[in-house]
Amino acid sequence: MKLAFWTVTKGAGNIAREYKEKLQEHLKEDSIDVFTLKKYDVENTIQIEDFTANINKKFSQYDGHIFIMASGIVIRKIASLIGTKDKDPAVLLIDEGKHFVVSLLSGHLGGANELTHSLADILKLVPVITTSSDVTGKIAVDTISQKLNAELEDLKSAKDVTSLIVNGQKVNILLPKNVKVTDNISADGFILVSNKKNIEYTRIYPKNLILGIGCKKDTKAEDILRAIEDCLDKNNLDIKSVKKVATVDVKENEQGLIDAVKFLNLDLEIISRDEIKKVQDQFEGSDFVEKNIGVRAVSEPVALLSSTGNGKFLVMKEKYNGITISIYEESLESFYKF
């Protein structure tokens, strides 16, 4: 998680520098920047001339922003930058008296509420959370989505169903009694039995599909995209549930594949041939592929190796004129965080 502290006084700048050091001891993998005004010359910080210009430029470049200043200043400065709750970064406030840490924006999907609790624990501050579902001890649909590392179908239906939960109305997650949540995410249909004329419902897309892809040299991006679309459609799978794409190291500079993955706004994970050799005997191999790149299979082993390993193949190997696609489905319990 990439975080930024923002300050406009010398005292707040020193506090932010102190807090960065404490957080780095606990959040070892996180990147933390501290922005201070140049006129205060706070050492070991990023010194800026114009606070407004910098927050405008960098608002979308961080996962979370922590402002040590008055809430009024923050609200006025970020008002024009706010988009939608599924895209906005987390925004937190800390008072210069070092008493409170407040979750201000993107509490659920942006992770502000969770980050607020973490900072409160590490920095010995009082957490302030105002979202209805949290303060009433209930769970919001977008929180369910976040904890499942999934994607909401739309924000409106999620809001409507969350309102029912917060208001104390009964909301069911449609699961047969004899079916675990881990076995239910790939169901082809559901039967809803109810005597209600109008029922609010929403949908969540789990991010648990991994595409393993192999392709011949100079394959065009549009051909790869067409193959992915056909493979997903043929197996009744939605692109919204694709977590990432994986390939072998000799294809890490394959421009068509890079462009296709970028178009889909996904990450491309590169798996080394040494790693593939450890598992390739589990899959049907090819003498031709081995002769050319040194391993007998690509799409299946890279899909497996880039996953949690707790799941199953939905598609072992689908071939499209020099392109091979494998689809691995991670079990929901692999990232179930309730």
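**Exercise 1. Determine the handedness of the unit built from E10, helix H8 and E11, and describe the surroundings of E10.**

Step 1. Strand E10 (residues 209–215), helix H8 (residues 221–234) and strand E11 (residues 242–248) make a right-handed β-α-β unit. A crossover is right-handed if, with the strands pointing away from the viewer, the path from the first strand over the helix to the second runs clockwise. Helices (H or I, at least four residues) and strands (E, at least two) are DSSP runs, numbered from the N terminus.

The model is predicted: local features need pLDDT of at least 70, side-chain atom pairs count only at pLDDT 80 or more, and totals for chains, interfaces and linings use all residues. Residues are numbered from 1 along each chain as its sequence is written, and side-chain values use heavy atoms, with hydrogens and water left out.

Step 2. E10 and E11 run parallel and are joined by 4 bridges; two strands pair if DSSP finds at least two bridges between them. Opposite Gly-212 stands Ala-246 in E11.

Step 3. E10 is also joined to strand E14 (residues 323–330), by 7 bridges, and these two run antiparallel. Here Cys-215 stands opposite Ile-323.

Step 4. Of the 7 residues of E10, 7 are buried, where buried means under 20% relative accessible area, exposed over 50% and partly exposed in between (1.4 Å probe, protein chains only). Leu-209, Leu-211, Ile-213 and Cys-215 cover one side, while Ile-210, Gly-212 and Gly-214 are on the other.

**Exercise 2. Trace the strand pairing of E6 and place Ser-103 in it.**

Step 1. Strand E5 (90–94) and strand E6 (residues 100–105) run antiparallel, with 4 bridges between them. Ile-94 has Val-101 as its bridge partner in E6.

Step 2. The two strands form a hairpin with 5 residues between them, and Lys-98 in the turn has a positive phi of about 60 degrees.

Step 3. With strand E7 (residues 126–128), E6 pairs in the parallel sense over 3 bridges. Val-128 in E7 is opposite Val-102. E6, H4 and E7 make a right-handed β-α-β unit.

Step 4. Ser-103 lies in E6 and counts as buried because its relative accessibility is 8%. Leaving aside neighbours within four places in sequence, Ser-103 is in contact (heavy atoms within 4.5 Å) with Val-91, Ala-112, Asn-113, Thr-116, Val-128 and Ile-129. Ile-129 is 26 residues from Ser-103 in sequence, yet the C-alpha to C-alpha distance is 5.7 Å.

**Exercise 3. Find the residues of the largest nonpolar core that touch the most other members, and the elements that supply this core.**

Step 1. A nonpolar core is a set of buried Ala, Val, Leu, Ile, Met, Phe, Trp, Tyr and Cys residues joined through side-chain atoms within 4.5 Å. The largest one has 23 residues, and Phe-5, Ile-94 and Leu-119 touch the most other members.

Step 2. Two or more residues each come from strand E1 (2–7), helix H1 (10–26), strand E2 (31–37), strand E4 (64–68), strand E5 (90–94) and helix H4 (112–123). H4 gives the largest share, 6 residues.

Step 3. Not counting residues up to four places away in sequence, Leu-119 touches Leu-23, Ile-66, Leu-92, Ile-94, Val-101 and Lys-124. Another core lies apart, with 22 residues, including Ala-221, Ile-228, Leu-266 and Val-315.

**Exercise 4. Classify the ring pairs of Phe-35 with Trp-6 and with Tyr-62.**

Step 1. Rings of Phe, Tyr and Trp (its six-membered ring) pair if their centres lie within 6.5 Å; planes under 30 degrees apart count as stacked, over 60 as edge-to-face and the rest as tilted. The count comes to 7 aromatic pairs.

Step 2. Trp-6 and Phe-35 are stacked, at 4.1 Å centre to centre and 10 degrees between the planes. Trp-6 lies in strand E1 and Phe-35 in strand E2, so this pair ties together parts 29 residues apart in sequence. Trp-6 is buried at 0% relative accessible area, and Phe-35 at 1%.

Step 3. Phe-35 and Tyr-62 are edge-to-face, with 6.2 Å between centres and 85 degrees between the planes. Tyr-62 counts as buried at 6% relative accessibility.

Step 4. Ring pairs link Trp-6, Phe-35, Phe-51, Tyr-62 and Phe-67 into a cluster.
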